[in-house]
Structures are given as C-alpha cells and as structure tokens.
Amino acid sequence: MTTQPATTGTTASTAAIPVSALNLSRTTATAGRVLRQLRHDPRTIALLMLVPCLMLVLLRYVFDGSPHTFDNIGASLLGIFPLITMFLVTSIATLRERTSGTLERLLAMPLGKADLIAGYALAFGLLAIIQSALATGLAVWFLGLDVTGSPWLLLLVALLDALLGTALGLFVSAFAASEFQAVQFMPAVIFPQLLLCGLFTPRPEMHPVLEAISDVLPMSYAVDAMNEVLRHTDVTTTFVRDVLIVAGCALLVLVLGTATLRRRTA
C-alpha cells in the first residue's frame, strides 16, 4: 500500500507569506531602520548635508567678480547638486543591503518589495528635506542668490530633485553587482542629463536630436522650473508643468525600482 507523505508544520511554515502591496506600518518601520543606520554613519550624513552647501559656496566665489552669472546658474545647480548626492548615497546604501544579505533576510519576512522601496524613499526623503532646506537657505540668504520668485518655490524644486535622485539611486542599484559598479552608473545616468538639461546652453540652441533627447530627461524640467522661479514673480503654468513632470518621473522610477528589486546580487 502506498503511503501519502504527511504535510508537516515545517513545510507549512516555509510557504510564502502573503504580503499586501503596501503597508504603512511596515513602510515606516523600514524607514526608521534606515535612519537609525545612517545615524551611525557620520560620513554619509556629511556627504548628504554639507557637500551641496560647500559646492554652492565654491561656485559663488568662483564667480565673485560676476554675481549675475552666479544668479543665472546658481538656481539650476541648487537642484542638481542634491540630485547627484542623493543618487550616489541611495544607490550604494541599497546595494550594500543586498550584498550583505540584509535585503534577503528582510524579504523573507512579511515585508513586500513595495514596503521596502517606500521605506527607503521615505527615509531618504526626510533627509532630502533637510538637505534642500540647508542648500536653499544658504544660497538665498547667505550667498545672495537673487531670485524674482519665492524662495519656497526653489525649495520645492530642490526637494523634488533630491527625491528624483533617491528614486534613480534605488532603481539603478538593482543592476549593479558591487558598490564600484553603482558609482559607475553615475556617468551613464546623471552626466547625459547634466549636459543636456540646459545648464550650459539653452536647449532650443542644441542640435535637434539632442534637443529631442533632452525633452524626455527629467533634469531638463527641473532646470526649467528653477529658471521659472528665477525670472517670474508668480507661479506660471510652465512651472506647474515642470514640477509635475519631475514628481511624476520620481514616482515612475520608484515603481520601476520596486519591479526590478532583487534579493541578492547575482
């Protein structure tokens, strides 16, 4: 007589635990864990908070004899610097979680990919608020950046740029096998946007092919939004459009980051 194998409690316990798409308590718990880890990493905190400010100070005195030039490009770089620093820190931090096995252990618990990505975005988003506030306050009230519009609008765009950098960092970390490779993604992801965003020359003056490429890059709209604040006292429809595009791109990349997140590095 054939005996059917019994289903043991151990087998049942190894079954996949159903996890909802996104849970607020799991998301906030993940964000709290990330923030506690960063609290014990003063070098990363210094990179996030001080480097954008130091770069703005350096830029201000590079153009010490031409304050108008600083006014023209300072607002744009106010958004670009946070994007770059958040991209670097987020991509390396997420990759470190995966290579150390922490990510695999977390995903074995009742923690979904959406919870993990949202938790990271929330933690680094809080840091982005502080970073953007420091850089904007320094540029406007201490370095004399002359803007026609409200400094609060500059802060809004700088914050969205930092969140976009966070989203891009989370996304590209899925394709890197080491921290060195994560850094190597910066020339591929950030530098083309930096060259085509309109910082060095107006986008309509570029070659038509390059202008068309710049039209689909989110950094282009971040720079355009900064320039709208620089030149207009009121909130323009162009500014609203640019801000919505940057925010939409950040959200889209976060969704892609959730879809491509892997437990471990191959």
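Student: Which residues form the nonpolar patch on the surface, and what is their accessible area together?
Tutor: This is a predicted model, where local features need pLDDT of at least 70, side-chain atom pairs count only at pLDDT 80 or more, and totals for chains, interfaces and linings use all residues. Residues are numbered from 1 along each chain as its sequence is written, and side-chain values use heavy atoms, without hydrogens and water. A patch takes residues with over 30% relative accessible area and no salt bridge (Lys or Arg side-chain nitrogen within 4 Å of an Asp or Glu carboxyl oxygen), joining nonpolar side chains (Val, Leu, Ile, Met, Phe, Trp, Tyr) within 5 Å and like charges within 9 Å. Leu50, Leu54, Met55, Leu58 and Val62 form this one, with accessible area (Shrake-Rupley, 1.4 Å probe; for residues, only the protein chains shown count as cover) of about 480 Å² together.

Student: Is Leu58 buried or exposed?
Tutor: Leu58 lies in helix H4, residues 51-62. Helices are DSSP runs of H or I with at least four residues, strands are E runs of at least two, and both are numbered from the N terminus. Buried means under 20% relative accessible area, exposed over 50%, partly exposed in between (1.4 Å probe, protein chains only). Leu58 has 51% relative accessibility, so it counts as exposed.

Student: How many helices does the protein chain have?
Tutor: From the N terminus on, its elements run α-α-α-α-α-α-α-α-α-α-α-α-α. There are zero strands, and the helices number 13.

Student: What separates the C-alpha atoms of Trp141 and Pro151?
Tutor: Trp141 sits in helix H7, residues 113-142. Its relative accessible area is 58%, so Trp141 is exposed. Pro151 is ten residues from Trp141 along the chain, and their C-alpha atoms are separated by 9.5 Å.
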